[in-house]
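Me: I've got a structure open here and I'd like to talk it through with you. Can you take my questions one by one?

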Amino acid sequence: MAVPGTTIRLYSSNSCAGPVVAILNNAGNSFSIPATVALNYATTFTVKAIDIAGNISTCSNTLNYTNQSLEEICDGIDNNGNGQVDEGFTNGTPC
Ligand SMILES: [Ca+2]
Ligand SMILES: [Ca+2]
């Protein structure tokens, strides 16, 4: 939750370090920030909030996110990055 008028800085790190990947100006009590994560890539997001007076918050708790957008297909490879190869296909049958 943010006080109306707050600026939110989104980081793709676990400590609000590194470049800001997205900024949301004038955030309200409820807000969302779109961010792009490469297919089958895991990342951790953190945010800092800056109020109208310029006070900067401490770093938020972490949010881990894995983009598993690829569908599993029967090809001997873990296409969707969930650690299982060709799950959902019947073992012992040809692809
Ligand atoms: Ca898989
Ligand atoms: Ca596969």
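Reply: Sure, and keep in mind that this is a predicted model. Start with the overall size: a compact globule of 95 residues would have a radius of gyration near 12 Å. For this protein the value is 19 Å.

Me: What does the C-alpha trace span along its principal axes?
Reply: That fits in with the radius of gyration, which is 19 Å against the 12 Å or so of a compact globule. Along the principal axes, the C-alpha trace covers about 65 × 25 × 15 Å.

Me: How many helices and strands does the protein have?
Reply: Reading along the sequence gives the pattern β-β-β-β. The count is therefore zero helices and four strands.

Me: In what order do the strands sit in the sheet?
Reply: The sheet is open, has four strands and pairs them in antiparallel fashion. Its edge strands are S2 (20–27) and S4 (63–66), each pairing on one side only. Neighbouring strands are turned by 25° against each other on average, direction ignored. The order is S2-S1-S3-S4.

Me: How many bridges join S1 to S3?
Reply: These two run antiparallel. One place to look is Ile 8, which stands opposite Ala 49 in S3. The number of bridges joining S1 to S3 is five.

Me: And over how many bridges do S3 and S4 pair?
Reply: The sense is antiparallel here too. On this side of S3, look at Thr 43, which stands opposite Tyr 65 in S4. S3 and S4 pair over four bridges.

Me: Which residues make up the largest nonpolar core?
Reply: As a rule for soluble globular proteins, nonpolar side chains tend to be buried together. In this protein 6% of the 95 residues count as buried. Strand S1 (6–11) and S3 each supply at least two residues of the largest core. Its five members are Ile 8, Tyr 11, Ala 27, Phe 45 and Val 47.

Me: Which residues does Val 47 touch, leaving out those up to four places away in sequence?
Reply: Val 47 belongs to the largest nonpolar core, as do Ile 8 and Tyr 11. Both of those are on its contact list. In full, Val 47 touches Ile 8, Arg 9, Leu 10, Tyr 11 and Ser 60.

Me: What share of the contacts with a separation of 6 or more comes from residues 24 or more positions apart?
Reply: For a feel of what pairs up in this fold, S1 and S3 are joined by five bridges, and S3 pairs with S4 over four. As for residues 24 or more positions apart, their share of those contacts is 42%.

Me: Is Thr 44 buried, exposed or partly exposed?
Reply: Thr 44 sits in strand S3 (residues 42–50). Its contacts beyond four places in sequence are Ser 13, Asn 14, Thr 62, Leu 63 and Asn 64. The C-alpha atoms of Thr 44 and Thr 62 are 6.3 Å apart, with their positions 18 residues apart along the chain. Because Thr 44 has 13 C-beta neighbours inside 10 Å, it counts as partly exposed.

Me: Why does Gly 76 count as exposed?
Reply: Gly 76 lies in the segment after S4. Leaving aside neighbours within four places, it is in contact with Val 85 and Asp 86. The cut-off for exposed is 12 or fewer other C-beta atoms within 10 Å. Gly 76 makes that class because its number of C-beta neighbours inside 10 Å is 9.

Me: How far apart in space are Gly 76 and Glu 87?
Reply: Along the sequence they are eleven residues apart. From C-alpha to C-alpha, the distance between Gly 76 and Glu 87 is 9.8 Å.

Me: What is the phi of Asn 26, roughly?
Reply: Asn 26 lies in strand S2. It is exposed, because 12 other C-beta atoms lie within 10 Å. Although Asn 26 is not a glycine, its phi is positive, at about 60°.

Me: And what is the phi of Asp 86?
Reply: Asp 86 is in the segment after S4 and is partly exposed, with 16 other C-beta atoms within 10 Å. It is not a glycine either, yet its phi is positive, at about 55°.

Methods. Residues are numbered from 1 along each chain as its sequence is written. Chains are lettered from A and ligands numbered from 1 in the order in which they are written. This is a predicted model: local features need pLDDT of at least 70, side-chain atom pairs count only at pLDDT 80 or more; totals for chains, interfaces and linings use all residues. The radius of gyration is taken over C-alpha atoms; the globule rule is 2.2 Å times the number of residues to the power 0.38. A residue is buried if 20 or more other C-beta atoms lie within 10 Å of its own, exposed if 12 or fewer, and partly exposed in between; C-beta atoms are placed from the backbone. Two residues are in contact if their C-beta atoms, placed from the backbone, lie within 7 Å. Two strands pair if DSSP finds at least two bridges between them. Axes are lines fitted to C-alpha atoms, for helices over the stretch in contact, and angles run from 0 to 180 degrees between N-to-C directions. A nonpolar core is a set of buried Ala, Val, Leu, Ile, Met, Phe, Trp, Tyr and Cys residues joined through C-beta atoms within 7 Å.
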